[in-house]
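These entries record what I looked up in a single chain, topic by topic. I begin with the charged pairs and then turn to the fold and the surface.

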Amino acid sequence: MDTSRFISSFISNLIVIPAAALCVLPMWNQRRFKSKKTMALPIVFLLIFLPFVSFFDALLNLGYNGSTPAVIIFCFAAFYRFFKTDLSKAICVFTMSCVFMSFAANISNGYDSIINPSSNINQFSIRASIFQTIISFVLVAVLAYPLHKYGCKLIDNFHAKEVYYLDSVISGIFIVFNLSIIPRKYETLHVNKVYVAFWSVLVTLFVLYLLLCIAFYFMIATIMVAAEEKNRNQLLKMQENIYIKQKAYLEETARQRHDFKHMIRTLSMLASEDDFEGIKKFIEEYSSNMPENNIKNFTKNIASNAILNHYMEIARKDDIRLTWEIDIPTLTRIPDVALCCIIGNILENAILACRDVPQTDRFID
């Protein structure tokens with residue numbers, strides 16, 4: 001086994017560590033394990049896995065990127081195991097990390113062609129391997145903050161699988177581009193203006209991919225804001241309906257209170273005449289004319305109470321019996337809009353299901 005080949009391969013494979021960091025940063029809130037375990041387990045896995053891969057790479061003389069497919073498969077399987085997100089998000093984040101690391105690799109290829117102009121890609125030098133590791137860690141340092149802050153926001157709140165798969169396809173195209181411009185023989189870069197063309201294409205692709213990532217974030221952020229605004233407007237409309245009913249009830253009871261003194265005079269006159277049957281009949285008529293308050297206070301959480309009353313009214317019109325036990329704190333970690341979306345979806349699905357059964361069998365417990 002060629003020792004220098006093993007060392008070069010091992011150092012080159014260290015690029016997997018910053019690649020793993022790029023994967024972890026936007027997925028931090030989706031981890032299956034505690035923070036320390038999430039950080040320690042991948043490092044232990046890579047420190048065992050990378051020497052093993054480098055050994056076979058040097059032993060079999062696989063050449064540049066010879067072991068890369070195996071590394072990618074094993075690393076993705078481990079990455080997907082560490083986080084509880086769905087497959088579309090995992091592929092999207094993983095391919096994004098691969099794109100950035102492919103740029104770091106091609107920058108290192110360009111550097112290797114400078115220090116070893118007569119060499120080729122299959123003789124990737126140790127100096128270039130060290131340079132690649134440094135560049136990849138610098139790239140992670142630059143991207144760490146935006147990936148963690150804005151990446152977590154997207155992964156945690158946006159769940160359209162089709163969009164994540166589409167983004168993965170775009171990332172895959174950039175990976176193919178980066179693979180296609182790898183200089184197989186460094187001497188070709190020093191012919192005419194090929195070297196300038198190589199760096200121009202590499203920088204252009206890198207800037208373009210950054211711009212696409214930024215555009216992707218703002219596009220998804222706009223969609224999320226629009227969806228949240230729609231839910232908020234729906235909630236406000238429900239609250240308005242409840243308010244109108246409550247206002248009508250208060251106006252009616254105010255009129256009843258105004259007439260209360262007349263009722264007292266009438267009862268006083270009937271009592272002075274010992275007309276107990278008249279008193280009884282008058283009270284029964286007055287009670288039957290009292291307004292009925294259809295607004296119930298299920299919870300002190302105003303938003304939740306509004307949506308519960310809204311679906312209670314719908315259930316009543318559909319002759320659906322309700323047995324509810326509501327216990328929602330006034331203050332909760334869940335935003336009112338999100339909480340009302342959850343309650344609304346549950347009750348709407350339940351009411352739709354009740355409409356498919358005989359009227360006498362309709363109930364929500």
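**Entry 1. Salt bridges**

How many salt bridges does the structure hold? I note at the outset that the model is predicted. The search returned two salt bridges.

I first took the pair of Arg316 and Glu313, whose closest N and O atoms are 3.6 Å apart. Both residues belong to helix H11, and because they are three residues apart there, about one helical turn separates them. I then looked up the accessibility of each partner. Arg316 has a relative accessible area of 37% and is therefore partly exposed. Glu313, at 17%, is buried, since the cut-off for that class is under 20%.

The other pair I examined is Arg355 with Asp318, where the side chains meet at 2.8 Å, N to O. This pair links distant parts of the chain, the two residues being 37 residues apart. I located Arg355 in the loop between helix H12 (336-354) and strand S2 (363-364), and Asp318 in the loop between H11 and S1. Arg355 is partly exposed because its relative accessibility is 40%. Asp318 has a relative accessible area of 17%, so I entered Asp318 as buried.

**Entry 2. A backbone angle in the loop after H11**

I next checked phi in the loop between helix H11 (302-317) and strand S1 (321-322), where Asp319 lies. Asp319 is not a glycine, yet its phi is positive, at about 55 degrees. I recorded this value because most residues other than glycine have a negative phi. The relative accessible area of Asp319 is 42%, which means that this residue is partly exposed.

**Entry 3. Overall fold**

I counted the secondary structure of the chain as 12 helices and two strands. Along the sequence I read the pattern α-α-α-α-α-α-α-α-α-α-α-β-α-β. The chain has 365 residues, and buried residues make up 37% of them.

**Entry 4. Packing of H2 and H5**

I looked up the geometry of helix H2 (residues 16-24) against helix H5 (residues 87-115). The axes of H2 and H5 are 9 Å apart, and the packing angle is about 140 degrees. Are the two helices roughly antiparallel or oblique? Angles over 145 degrees count as roughly antiparallel, so at about 140 degrees H2 and H5 are classed as oblique to each other. I also noted the handedness: H2 passes H5 in a right-handed crossing.

**Entry 5. A nonpolar surface patch**

Which residues form the nonpolar patch on the surface? I listed Ile7, Ile126, Ile130, Ile134, Val138 and Val142, which together have about 480 Å² of accessible area. Helix H6 (residues 126-157) supplies the largest share of this patch, with five residues. I looked at one member individually: Val138 lies in helix H6, and its relative accessibility of 46% is why I entered Val138 as partly exposed.

**Entry 6. Glu187 and Ser119**

Finally, I looked up Glu187, which lies in the loop between helix H7 (161-180) and helix H8 (194-258). Its C-alpha atom is separated by 7.4 Å from that of Ser119, although the two residues are 68 residues apart along the chain. Glu187 has a relative accessibility of 47% and therefore counts as partly exposed.

Notes: Residues are numbered from 1 along each chain as its sequence is written. This is a predicted model: local features need pLDDT of at least 70, side-chain atom pairs count only at pLDDT 80 or more; totals for chains, interfaces and linings use all residues. Side-chain values use heavy atoms; hydrogens and water are left out. Patches are made of residues with over 30% relative accessible area and no salt bridge: like charges are joined within 9 Å, nonpolar side chains (Val, Leu, Ile, Met, Phe, Trp, Tyr) within 5 Å. Accessible areas come from the Shrake-Rupley method with a 1.4 Å probe; for residues, only the protein chains shown count as cover. A salt bridge is a side-chain nitrogen of Lys or Arg within 4 Å of a carboxyl oxygen of Asp or Glu. Helices (H or I, at least four residues) and strands (E, at least two) are DSSP runs, numbered from the N terminus. Buried means under 20% relative accessible area, exposed over 50%, partly exposed in between (1.4 Å probe, protein chains only). Axes are lines fitted to C-alpha atoms, for helices over the stretch in contact, and angles run from 0 to 180 degrees between N-to-C directions. Angles under 35 degrees count as roughly parallel, over 145 as roughly antiparallel, 65 to 115 as roughly perpendicular and the rest as oblique. A crossing is left-handed if the near helix is turned anticlockwise from the far one by less than a right angle, and right-handed if clockwise.
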